[in-house]
Every structure is written in C-alpha cells, then in structure tokens.
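User: I have this model open at the bench and would like a close look at one part of it. Could you start with a backbone oddity and then move on?

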Amino acid sequence: MTEDDADLRADALAVLAPGFVGTQVPGWAGELLEQGLGGLWLFGHNVQDEAQVCALTAAVHAARPEALVCADEEGGTVTRVHHRDGSPWPGAWALGVVDDVGTTRAVAQGLGVQLHAAGVDLAAAPVADVNSEPDNPVIGARSFGADPALVSRHVRATVEGLREGGVLSCAKHFPGHGSTRVDSHLDLPVLDVDADLLATRELVPFAEAVRAGVDVVMTGHLVVPEHGELPATLNSSVLNLLRDDLGFDGVICTDALDMAAVARTYGRERSAVLALAAGVDLLCVGNPAFPGDYDAEEDTRGLVEAVLAAVRDEQLPRQRLHQAAERVRALGTRQAANRADPRSGVGARAGSGVGARAEEADASRVGRDAAALAVTVTGPVPTLDAPVVVALSRTMNIASGARAQVVVDTLAARTGGTVAELGEVGGQTGSMDPLLLVSDDQSDLHDPDLQALVRRCAVLVHTGVRDLPADLHPACLVRTFGGGLASALAAADALTARPVT
C-alpha cells in the first residue's frame, strides 16, 4: 500500500461511526479504531451496568484517544445508558412546559456529568425540531415544543449545559423533523414547507444552536421539495443552508444510515457516498441489532471500501473526503484533551469515590425536581390503596429507549399497586381495585372502549403531549408531558403527596 493509499484509507475510516453488537469492544472494532476509525455509537444492547460501560468506553479510548463514543441520550423516553431503568432526566417537552432555561441548563449539565463520567463523548441532543404537527409519530415529546422561540432558548440552554458537563452536543434533525407525519425509521418523510416557513420556523432553533456553539448537527432523512428529491442527508442544497445561511463550521453527522428512509432506496453504501459528497462529515451507520439485517463488521468494512472506490471513480472528490476527516479528527482531538485535562472541573467530576457519587446524586435530584415542575393535576387526588396499574398502549416509537413499562412499573412500586395488562381489565365492569391508567400519544383515547375505561378509573396519568378529547374527563388527571423515570417519579410524588426518594 502506498503512502497515498494509506492516507486515503485513514480518511475513509475517520468519517465512520458504526454501532456494534455486544457489551465489549469487538476485535474488529478495536482494530479499526487503531487504524483511525472516527468513533462508535452505543445503543441499549451495548449497556449492562455502569462499571461495564466505563470499561467499554475506556477500551475505545485506549485504542484511540481521539475516537468519539457517541450515545443517543436526550432524557425522557430516549436513553441508551439508562435504558434498563429509565432516564433520571425529564424529556424536552416537560422542560419546555416548565420553560425555565436555568432548569434546562442544569438538567443538561447533570446529564453531561453522568455521560462524561461514563466515558461518553457526545450526546445526540438537543432535539431542535419544532413539533408543529400534533400527529408527528417520531418527535412529539422529544421536542421542547411547537413554538420556534421557545425551542430555541432551550436548545441553547442544552448546548451550554452539556458543554459544562463535559460532553459534546449534537442538534438534530436538520432542517427539522417536527412538522412531518412519517417516522424516518420506517419510511421517507416529506417536509412540505416553503422557503419562508422553513426560515421562520424549522431553521430558527438550529440557528440558535449554531450561535450557542453546538459541536455537531445531525441531519434528518427527509425530503424538502423546494430543494429537490434527495433526502436532506444526501442533499447539498439543504446542507448549504446550514453551512452558508446559518454559518455552521462544525461537524455535520448523518442520522443512522440503516434507517429505511435512506437505506431502502439508496442502500447504506450509496447513502454514505452521497452524504459525504453533499457535505456531511461523519457517518452514523446505525444499530446493527435493529433492523438486524446486517453484520456490523462486514458492513463497516464494506463502507470503507465503498468510500475508497467512490474517490477512485471520481464520484467523491478526494479533497471533500479529507475535509470531512479533518473536521472529525479535530473534534475528537479537542474532546480527548478535555477528557484528559485534570485541571478542568469536568475532570474532577469524572473521578470516582464518595464525592463523585454525591455530585451525581445531586444531579439526579435536579432531574427529578425539574420533572415535578412540569406535572399538572386536574381533579381531586384519591387515596390509592393497592391500585391496578395498566398501560393503555405498549407501543413506542423506535427512537425511544425507555418503554411505557418504566412508567407503569414505577407507579405500581410507589403506590403499592400491581401491574395488569389492558386485556385483563378492559371487559370488567364490576367492583375491583382502583384503576390507575397510563396513557401516551400512542394511546387511542378516541376509542369508545378505552374511553369507558378512563371514565371509571381512579386516576389517568397521561405522559403524552397531545390533549385528551374534549369530552373525556377522568376523575383525576395527572399530566407529565413526557415519559421516562424522572417523569414517572414526579407523577408518583403527585399521587402520594410525599417526596420521592
């Protein structure tokens, strides 16, 4: 291999951040990290416990200190590090309801502290999407709200808080996924807005993220008709809005290339080449355990070869690939220095022992208290004696790492109740233990049978952001404006009238 070939291969590796299967760094990933792989993405199946995650990230950084360990951590229902027990941090919509930027910044800093201590370099947050479409199947409570100005101020607070916590921020999903009705994991959404609306709604929070110094911007796999038929991830016209109009000079990262929105039509290898040619710098390959139709090692090596072939065939300019690789390397070098600097407050927080555990406990209280600020209660709170706790829906969108079960189990544990399935209580009309129902935005609260159940329940805990039907009035309604552990604990606190410890 000539020196030029070696440099070219190193650049092709630098722009890749694949997922992997297992709770240790696989041999192939360690080999590619040593050769210059840009980083790795952690998913829920890579996480066993705190000690294991720390060992895993330490192994990544031992192989290559500049490699980026990335995790999809938003708080609320989207978590990877806390996927077993649920996130101790409220989701974005709850923070938007509270609408206190100091609270949002403190939550983001606390999340950053936890991730930094675990060896994670980049949090895929904040969500900068303006959720203006009530029937959006994939954003919803992951957004701070439906108002661009509100979303913007909390995006800034999150970027600043994560930086203070010691991790890199990643605003997503450019140019905005909030007004779509299709989940890009499953199909290709269309963002059907004109240039004026795009500029005054979708792009506003991303512009604020850039001004706040966001490190990375993640693209959305969606078509903007005024910019052609290619999805934004593969579309230089859309990405030029970010570079030229908004002035972003950091790393542009794709959403996962194994998502159906691009993989089904273009395939991962062609998507990778098109994305780099369009102006993307870092390729998030995706989660090989979902959809589970490819081998991570084979796929990653195939992507390297596809990028090399594209350069040799002049489908991808050599200088464009080198520019992307240099941006990713610069980001990794900066984060490695931040991680290693013992003089920084972050370095001190990332240590072990009683002091670090006490600070993490304080940070978790910030999350719990923030979630409590968002909770609203309508109607008298009954005395709950061993309630039957039932989820009205078990369906969650694919992005969510914590399922409805986290909320149900937490409420049952805190109220002394038992968990039952919907089918066990749906047909009963006689006397039984009080019903505590849990609904979300996937629950069909217009369904007559569910409405009948809601009307005879003692409490309905609604974690979604959509309003209930106007004629549906539970005896006691508790709204959390998001799921996850923090919001579940806040709801339990409201029902038991005692602080949750």
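Which loop is the place of A386? After that, please zoom in on β5, α7 and β6.

Analyst: A386 is in the loop between β9 (376–378) and β10 (388–391). Helices and strands here are DSSP runs (H or I, at least four residues, for helices; E, at least two, for strands), numbered from the N terminus. One housekeeping point: this is a predicted model, in which local features need pLDDT of at least 70 and side-chain atom pairs count only at pLDDT 80 or more, while totals for chains, interfaces and linings use all residues. Residues are numbered from 1 along each chain as its sequence is written, and side-chain values use heavy atoms, with hydrogens and water left out.

What makes A386 odd is a positive phi near 50° in a residue other than glycine. Most residues other than glycine have a negative phi, and most peptide bonds are trans. A386 counts as partly exposed because its relative accessibility is 33% (buried is under 20% relative accessible area, exposed over 50%, partly exposed in between, with a 1.4 Å probe and protein chains only).

Now for the part you want to zoom in on. β5 (residues 170–174) has 5 of its 5 residues buried, so this strand is largely enclosed by the rest of the structure. There is a backbone surprise here too: K172 and H173 are joined by a cis peptide bond, omega about 5°, and H173 sits in β5 itself. β5 runs parallel to β6 (residues 216–219), joined by 3 bridges (strands pair if DSSP finds at least two bridges between them), and A171 has V217 as its bridge partner in β6.

Between these strands comes helix α7 (residues 195–211), giving a right-handed β-α-β unit; right-handed means that, with the strands pointing away from the viewer, the path from the first strand over the helix to the second runs clockwise. At the N-terminal end of α7, D194 acts as a cap, with a side-chain oxygen 3.2 Å from the backbone nitrogen of D196. That is a polar contact (N or O atoms within 3.5 Å; within protein, one must be able to donate a hydrogen and the other to accept it, and residues adjacent in sequence count only if both atoms are side-chain atoms).

α7 isn't straight. A kink of about 60° lies at L203, shortly before P205 (the angle between axes fitted to the seven residues ending there and the seven starting there). The end C-alpha atoms of α7 span only 21 Å, where a straight helix of 17 residues would span 24 Å (1.5 Å times one less than the number of residues). Both L203 and P205 are among its buried residues, and the cover over those buried residues includes α6 (148–165), β5, β6 and α8 (236–245), counting contact as heavy atoms within 4.5 Å. Just after α7, G213 has a positive phi of about 90°.

In a regular strand the side chains alternate between the two faces of the sheet. In β6, V216 and M218 are buried on one side, and V217 and T219 on the other. From β6 the chain passes through α8 to strand β7 in another right-handed crossover. β6 and β7 (residues 251–253) pair in the parallel sense over 3 bridges, with M218 opposite C253. On the way, T233 sits in the loop between β6 and α8, where its side chain reaches the backbone oxygen of G220 at 3.3 Å.
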